[in-house]
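Visitor: I'd like to learn how to read a model like this one, feature by feature. Could we pick a spot and work outward?

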Amino acid sequence: MLAADGRAKVAFAGGAAVVLEPSGASFTAVGAGRPPCRQLSAFAVREFRARLAVALRFRNAHVDVPYWCPCLE
């Protein structure tokens with residue numbers, strides 16, 4: 001889901017989700033049974049990289065200024 005303010009939320013199986021801030025430079029990872037974890041996209045830990053990549057592809061497909069994240073290359 002892309003919000004009017006530019007945030008993107010992508011939900012995954014099992015209750016996990018990634019919420020990107022409007023620029024894509026940071027995100028919050030949420031999951032069932034664990035506290036939310038906020039990180040800079042460029043320094044995402046391995047645990048969140050695959051979901052972050054999916055969320056950024058979705059976000060970048062729907063905005064004028066895409067965010068390129070070198071850690072996902």
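Guide: Let's begin with a side chain that meets backbone: the side chain of Gln39 reaches the backbone nitrogen of Val45 at 3.1 Å. Keep in mind that this is a predicted model.

Visitor: Where does Gln39 lie, and is Gln39 buried or exposed?

Guide: Gln39 lies in strand β4. Its relative accessibility is 14%, so Gln39 counts as buried, the cut-off being under 20%.

Visitor: Leaving aside neighbours within four places in sequence, which residues is Gln39 in contact with?

Guide: Ser26, Phe27, Ala44, Val45 and Phe48. Val45 is thus on the contact list as well as being the residue whose backbone nitrogen the Gln39 side chain reaches.

Visitor: Before we go on, how far can I trust the prediction? What is the mean pLDDT of the protein chain?

Guide: The mean is 92, and 100% of the residues reach 70 or more. If you go by element, confidence is lowest in α1, at a mean of 93, and highest in β2, at 96.

Visitor: Now the sheet. How many strands does it have, and in what order?

Guide: To read a sheet, follow who pairs with whom. Here 4 strands form an open sheet, ordered β1-β2-β3-β4, with antiparallel pairing. β1 and β4 (34–40) are at the edges with a single partner strand each, so one side of each has no neighbour in the sheet. On average, neighbouring strands are turned by 15 degrees against each other, direction ignored.

Visitor: Can we walk through the pairs? How many bridges join β1 and β2?

Guide: β1 (residues 8–11) and β2 (residues 17–20) pair over 4 bridges, in the antiparallel sense. Ala11 stands opposite Ala17 of β2. The hairpin has 5 residues between these strands, and there Gly14 takes a positive phi near 85 degrees.

Visitor: And what about the hairpin of β2 and β3?

Guide: That hairpin has 5 residues between the strands, with Gly24 at a positive phi near 90 degrees. The pairing of β2 with β3 (residues 26–31) is antiparallel, over 4 bridges, and Leu20 has Phe27 in β3 as its bridge partner.

Visitor: Which pair is left on our walk?

Guide: β3 and β4, which pair in the antiparallel sense over 5 bridges. Thr28 is found in β3, and its bridge partner in β4 is Arg38. The two side chains also make a polar contact, at 3.4 Å.

Visitor: Why does Thr28 count as buried?

Guide: Thr28 counts as buried because its relative accessibility is 18%, and the cut-off is under 20%. Leaving aside neighbours within four places in sequence, its contacts are Ala17, Val18, Val19, Pro36, Cys37 and Arg38.

Visitor: Val19 is on that list. How does Val19 count by accessibility?

Guide: Val19, placed in β2, counts as partly exposed at 23% relative accessibility. With the same neighbours set aside, Val19 is in contact with Ala8, Lys9, Ser26, Phe27 and Thr28.

Visitor: Is there a general idea for reading side chains along a strand?

Guide: In a regular strand, side chains alternate between the two faces of the sheet. Keep that in mind when you look at which strand residues join a core.

Visitor: Which residues make up the largest nonpolar core?

Guide: There are 12 in all: Ala8, Val10, Val18, Leu20, Phe27, Ala29, Ala44, Phe48, Leu52, Ala55, Leu56 and Cys69. β1, β2, β3 and α1 (46–61) are the elements that give two or more residues to this core, and α1 gives the most, with 4 residues.

Visitor: Could you show me one core residue from a strand and one from the helix?

Guide: Take Val10, a member of the core. Apart from neighbours within four places in sequence, Val10 is in contact with Ala16, Ala17, Val18, Val54, Ala55 and Phe58. For the helix, take Phe48, whose place is in α1 and which counts as buried at 4% relative accessibility.

Visitor: Which residues does Phe48 contact, leaving out those same neighbours?

Guide: Phe27, Ala29, Arg34, Cys37 and Gln39, which brings us back to where we began. Phe48 and Phe27 are 21 residues apart in sequence and 9.9 Å apart in space, C-alpha to C-alpha.

Conventions:
Residues are numbered from 1 along each chain as its sequence is written. This is a predicted model: local features need pLDDT of at least 70, side-chain atom pairs count only at pLDDT 80 or more; totals for chains, interfaces and linings use all residues. Side-chain values use heavy atoms; hydrogens and water are left out. Two strands pair if DSSP finds at least two bridges between them. A nonpolar core is a set of buried Ala, Val, Leu, Ile, Met, Phe, Trp, Tyr and Cys residues joined through side-chain atoms within 4.5 Å. Buried means under 20% relative accessible area, exposed over 50%, partly exposed in between (1.4 Å probe, protein chains only). Contact means heavy atoms within 4.5 Å. Axes are lines fitted to C-alpha atoms, for helices over the stretch in contact, and angles run from 0 to 180 degrees between N-to-C directions. A polar contact is a pair of N or O atoms within 3.5 Å; within protein, one must be able to donate a hydrogen and the other to accept it, and residues adjacent in sequence count only if both atoms are side-chain atoms. pLDDT is the predictor's confidence in each residue, from 0 to 100.
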